[in-house]
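Got the viewer open? Keep the selection tool handy, and we'll go from one stop to the next.

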Amino acid sequence: MTRIEFLGTGTSHGVPVIGCHCPVCSSSDPRDKRWRSSVWITRGNTSVVIDTGYEFRLQALRAGLERLDAVLYTHQHSDHLMGLDDLRVFTDDEKLPVYGFSSTLSAIERIFPYAFTDMPYKGVPRLLKHEVGEGETFRIGEIEFTAIPVMHGCMRISGYRFGSAAYITDASDILYEENRKYLDGIKTLIIGALRDKPHWSHSTFAQAIENAERIGAENVYFTHINHATSASEIERRFYPRARGAYDTLVLEVDDE
């Protein structure tokens with residue numbers, strides 16, 4: 001079995017949004033407190049995180065995350081990246097591998113050049129780039145991943161399939177016809193669903209469900225959710241077709 005823990009399920013603002021007093025931002029439901037989107041995936045002794053947003057340190061402490069074999073990046077936007085400096089605790093003995101498309105890793109290296117050098121200063125993360133191509137399958141310990149290209153507005157970014165599950169966030173178009181060989185057979189789909197109102201670079205709830213139905217996924221979880229919709233409303237409106245993921249939710253999925 002593969003274990004998936006949601007470290008964060010919010011959009012770039014996070015929820016609550018600074019200065020906002022809407023019903024969701026004021027909610028007492030803990031499922032409506034959404035840190036920036038990230039997941040922690042483990043199988044056996046293998047430990048991998050997808051994306052390191054602003055709250056990564058807090059997420060790791062809350063989850064009890066104490067070791068990492070690698071980090072996978074979907075893209076370089078700050079809400080998926082800016083916790084990178086806190087990876088330094090995992091690089092005392094050796095460099096930590098980070099995976100992503102060439103364009104993503106090149107942008108990350110421009111933002112954090114010191115993380116990819118051999119400088120002797122101990123106060124920085126020491127990272128080792130592993131560029132992956134579109135549709136490329138690669139193995140980290142006991143987990144095999146496939147990088148799936150999707151569109152985030154005008155950007156080609158990466159989703160990741162592992163076994164019978166996939167994590168596809170921030171996608172406005174999953175490029176189904178192009179990617180069907182990577183998407184067919186997915187049973188558990190974690191997919192970005194921002195809100196009801198259309199957005200140029202994110203899927204709505206309806207679009208996310210449509211994509212899940214095209215794939216034939218049996219279990220669908222929304223992530224990267226903004227403050228327009230509460231967890232209870234998502235559950236009322238979309239269950240059993242889909243569920244809203246929430247911070248600290250843990251799933252266990254079949255490896256195949």
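## Stop one: helix H2 and its cover

Start by selecting strand S5 (96-100) and strand S6 (127-131): both are among the elements that cover the buried residues of helix H2. Keep in mind that you're looking at a predicted model.

Now add H2 itself, residues 102-111, and show the side chains of Thr104, Leu105, Ala107 and Ile108, which are buried. Turn the view until you look down the helix axis: the buried residues of H2 fall within an arc of 160°, so they line one face of the helix.

## Stop two: Leu128

Stay with strand S6 and pick Leu128, which is found there. Is Leu128 buried, partly exposed or exposed? Its relative accessible area is 38%, so Leu128 counts as partly exposed, since that label covers values between 20% and 50%.

Next, show what Leu128 touches: leaving out residues up to four places away in sequence, its contacts are Lys95, Leu96, Pro97 and Val98. For a sense of distance, draw a line from the C-alpha of Leu128 to the C-alpha of His227; it spans 36 Å, and the two residues are 99 apart in sequence.

## Stop three: helix H1

Jump to residues 56-63, which form helix H1, and colour its buried residues: Phe56, Gln59, Ala60 and Ala63. Down the axis, these residues cover an arc of only 95°, which puts them on the same side of H1.

What covers the buried residues of H1? Select strand S1 (2-8), strand S2 (38-43) and strand S3 (46-50), which are included in that cover. Before you leave, click on Gly64, just after H1: its phi is positive, at about 75°.

## Last stop: zoom out

Clear the selection and show the whole protein as a cartoon, with five helices and 14 strands to find. The C-alpha atoms fill a box of roughly 55 × 45 × 35 Å along the principal axes. The radius of gyration is 17 Å, which agrees with the value near 18 Å that a compact globule of 256 residues would have.

Colour by burial and you'll find that buried residues make up 57% of the 256. Switch on the surface: the accessible area comes to about 11200 Å², and 48% of that belongs to carbon and sulfur atoms. Finally, colour by charge to see 28 positive and 36 negative side chains, with the centres of the two sets 3 Å apart.

Terms used:
Residues are numbered from 1 along each chain as its sequence is written. This is a predicted model: local features need pLDDT of at least 70, side-chain atom pairs count only at pLDDT 80 or more; totals for chains, interfaces and linings use all residues. Side-chain values use heavy atoms; hydrogens and water are left out. Helices (H or I, at least four residues) and strands (E, at least two) are DSSP runs, numbered from the N terminus. The radius of gyration is taken over C-alpha atoms; the globule rule is 2.2 Å times the number of residues to the power 0.38. Buried means under 20% relative accessible area, exposed over 50%, partly exposed in between (1.4 Å probe, protein chains only). Accessible areas come from the Shrake-Rupley method with a 1.4 Å probe; for residues, only the protein chains shown count as cover. Lys and Arg count as positive and Asp and Glu as negative; His and the chain ends are not counted. The place of a charge is taken as NZ of Lys, CZ of Arg, CG of Asp or CD of Glu. The arc is that of the directions from the helix axis to the C-beta atoms. Contact means heavy atoms within 4.5 Å.
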